[in-house]
Amino acid sequence: NAMIAAYVQHGYGEEAFALFLQMQQEGLKPSGSTFLCVLGACASPAALAEGKLIHANIVSCRLESDIVVGTALVNMYGKCGCLTDATTVFGKMLQRDTVSYNVMITAFAQNGHAKDALKLFGEMQLEGVKPDEITFTSILSACSHAGRLDDGWRYFISMMRDHDVTPTVEHYGCMIDLLGRSGQFDEAEALINDIPSDVRTVAWANLLGACKIYGDVECGVRTAERVIEFDPKNASPYILLSNIYATAGRWDDVAKV
């Protein structure tokens, strides 16, 4: 188990899986810890076949309903983009905790199924499972990628008011991205001006990226000035600003940058 974990930790997925097979050939029975380690090597589409083989081993060991092993399986299938398999495993789990729900919600969010992510969040609350900051990062990310501005604001406010979760830079980043996708750049700037100063630099950088994607030149100029003010030696804001000018055809301004 320790050697498999070491391989996975250092990115040697094939070696980890080979050692898992060798372990079985030598007659050693894998434990829940073994499966947790080796599943980490299968959390990508390229290793889906190996992940399914490990899943079969888990079923034969009657560990599929175990909350920790089941959560690891859901995570593996989610990162492979196999939501049907992920939801099947999730449904078979006899118990589900905050981590289990977070993994399933994240799988929906990362694979573009915002509606399913929000529905599961509602079920999580009905089951009396307490959401945490990771839950809301996934929920806000789902809202952002789906352009669900009203839902995003509702969950962001509820996170603080109803669940006593203090926003982190990830939460602010999701909201700023959502506002940028919705063309609400003035609201995004107002939000940044209200957030704690220790996360403001990253927030301005997030907004600058949104300005580049959605072509708001004036907001991009103001935002770039803020980013440069916080970190004048960083080349990124200059590059993004020149790209914003170039997209708008303002070549003289590109040359000035």
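This dialogue considers one helix, one threonine and the cysteines of a predicted model.

Visitor: How many residues does helix 15 have, and what distance does it reach from its first C-alpha to its last?

Guide: Helix 15, residues 236-247, has twelve residues. Its reach is 17 Å, close to the 16 Å expected at 1.5 Å a residue.

Visitor: Which residues of helix 15 are buried?

Guide: Pro237, Leu241, Ser242, Ile244 and Tyr245 are buried. They lie on the same side of helix 15 because they cover an arc of only 155 degrees around the axis.

Visitor: What do the buried residues of helix 15 pack against?

Guide: Their partners are helix 13 (200-214), helix 14 (217-230) and helix 16 (251-256). Just after helix 15 comes Gly249, with a positive phi of about 75 degrees.

Visitor: Is Thr34 buried or exposed?

Guide: Thr34, which lies in helix 3 (residues 32-39), counts as buried because its relative accessibility is 0%. Leaving aside residues up to four places away in sequence, Thr34 touches Asn1, Ile4, Phe20 and Met23.

Visitor: How many disulfides does a search of the whole structure find?

Guide: A disulfide is a covalent bond between the sulfur atoms of two cysteines. The search finds zero disulfides here.

Visitor: Why is the sulfur of Cys143 not in a bond with that of Cys174?

Guide: The closest cysteine sulfur to that of Cys143 is in Cys174, and the distance of 9.1 Å is too far for a bond. Cys219 is likewise in no disulfide, its nearest cysteine sulfur being that of Cys211, 3.4 Å away; the cut-off is 2.5 Å. Cys143 is buried at 0% relative accessibility, and Cys219 is buried with a relative accessible area of 1%.

Technical notes
Residues are numbered from 1 along each chain as its sequence is written. This is a predicted model: local features need pLDDT of at least 70, side-chain atom pairs count only at pLDDT 80 or more; totals for chains, interfaces and linings use all residues. Side-chain values use heavy atoms; hydrogens and water are left out. Helices (H or I, at least four residues) and strands (E, at least two) are DSSP runs, numbered from the N terminus. The expected span of a helix is 1.5 Å times one less than its number of residues. Buried means under 20% relative accessible area, exposed over 50%, partly exposed in between (1.4 Å probe, protein chains only). The arc is that of the directions from the helix axis to the C-beta atoms. Contact means heavy atoms within 4.5 Å.
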